[in-house]
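Subject: A structure for you to look at

Hello,

I am handing over the structure that we talked about, and below it I set out what was found. Please keep it open beside this email while you read.

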Amino acid sequence: MTTHAKAVIIGKPVSHARSPLIHGFWLHQLGLDGRYDRLEVEPGAVRKTLQQFRAEGYRGGNVTVPHKEEAFAACDELTEAARIAGAVNTFWFEDGRIHGDNTDGSGFVAHLDATHPGWDANRPNILVVGAGGAARGVIVPLLNRSIGAMTIVNRSSERARILANDIVRARPGTNIAVENWTDLAGLLARTDLLINTTSLGMKGQPPLDLPLQQLPSSAIVADIVYVPLETPLLAAAKARGLRTLDGLGMLLHQAVPGFERWFGARPAVDAALRAHILADLAGS
Ligand SMILES: NC(=O)c1ccc[n+]([C@@H]2O[C@H](COP(=O)([O-])OP(=O)(O)OC[C@H]3O[C@@H](n4cnc5c(N)ncnc54)[C@H](OP(=O)(O)O)[C@@H]3O)[C@@H](O)[C@H]2O)c1
C-alpha cells in the first residue's frame, strides 16, 4: 500500500471537475491515505506549474479544459495515445521527467469491454461521429482491436480528414474512411458500433438526430456525452431496442490508469462509484 502520495487536477475553471470525487472515492474505498487536490491554473502557466508539482512531491495528476494541449507541450515523454491526441489528460513524474498520457480513449474501450463483452468478436464496422479532441482519443485504442471498417464523419469534413491523416502518419497502413456529414444516414445500414463524440445531445445543445431504424438490430449506440446521462440519441436507440453505452463509464474508466500510477493500487469501476458520481451529477 502506498501512503501519503498526492496527485492533483489542473484546469480553468476546475471547480466543476469530477476527478476529485472519483479519486477521493477510491482513496477512501481502498483505505489509502493519499490526497487528490485541484488547482486553477492560468493559460501559459502549465509547464511552470507541473515543475512546481514535481518539486513539491506530487506523483502526478490530471489535466482538464483548456490545458490539455499545453500539458502535451510541457511533457518530456508521451504515450502513443497522447501523441495522436495532441493532448494530455494524465501526467506523472518518473526519473525526473514529466510523462503524459491520454486515457480518454482507453477509458471508452474499457467501458465497452466491461458492459458489452465480445463486442468485437465479429470485426464490427465502426462509425465515429465527430473529429474533435475526444474523437482523437477514442479512435486509436479502437484501432488496436479486431475491427472491420473505421469511418469518421464530422460536420467539418476537413477536420475529419486532418484527424485521419494524423493517425495514418503515426500508424502507417491504417485504413480510415472519411465520409461527408450529408451522407451520415446512408452509412448506418453497415454500422455495428455508432459513437457520438460531438457535443450534440449535451444539455443546452441540439440532439444528434439520426434514422436509427437503419442500423442493424445487433448494433451498439454509444454516446460520450454524459450530461444528460441518457442523451436523445441513446433514448432513441433504446426505444428501438438497440444496445447502448453512456458517456459516464468513459469518465470513470479514464481515471483508472492515473490512480494506479500515483497511488499504487488498481481501483475498480463499480456500481458504488457510479452511484456516487451520478448523485453529484443529479445535484448540479
Ligand atoms: N465521457 C467523457 O469522459 C468525455 C471525455 C471528453 C469529452 N467528452 C464530451 O465529448 C464532447 C466533445 O468533446 P471534445 O473535447 O471533442 O470537443 P471539441 O474538440 O470542441 O469537438 C467538438 C465536436 O463536436 C462537433 N460539433 C459541435 N457542434 C456541432 C453541431 N452543431 N453540429 C455538428 N457537429 C457539432 C464538432 O464538429 P466541427 O469540427 O465541425 O466543429 C466536433 O467534432 C463534449 O460534449 C464533451 O463533454 C466526454
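A residue is called buried when its relative accessible area is under 20%, exposed when that is over 50%, and partly exposed in between, using a 1.4 Å probe and the protein chains only. The model is a predicted one, in which local features need pLDDT of at least 70 and side-chain atom pairs count only at pLDDT 80 or more, while totals for chains, interfaces and linings use all residues. Residues are numbered from 1 along each chain as its sequence is written, and side-chain values use heavy atoms, with hydrogens and water left out.

Helix H6 (helices are DSSP runs of H or I with at least four residues, numbered from the N terminus) spans residues 133–143, and because nine of its eleven residues are buried, it is largely enclosed by the rest of the structure. Those buried residues are Ala135, Arg136, Gly137, Val138, Ile139, Val140, Pro141, Leu142 and Leu143.

Turning to the ligand, 21 residues surround it, each with a heavy atom within 4 Å, and the closest are Ala134, Asn154, Arg155, Arg159 and Ile224. Among the polar contacts (pairs of N or O atoms within 3.5 Å), a polar side-chain atom of Arg159 lies 2.8 Å from a ligand oxygen atom, while a polar backbone atom of Ser156 is 3.0 Å from an oxygen atom of the ligand. A backbone N or O atom of Ala131 lies 3.1 Å from an oxygen atom of the ligand.

Best wishes

How values were computed. Helices (H or I, at least four residues) and strands (E, at least two) are DSSP runs, numbered from the N terminus. A polar contact is a pair of N or O atoms within 3.5 Å; within protein, one must be able to donate a hydrogen and the other to accept it, and residues adjacent in sequence count only if both atoms are side-chain atoms.
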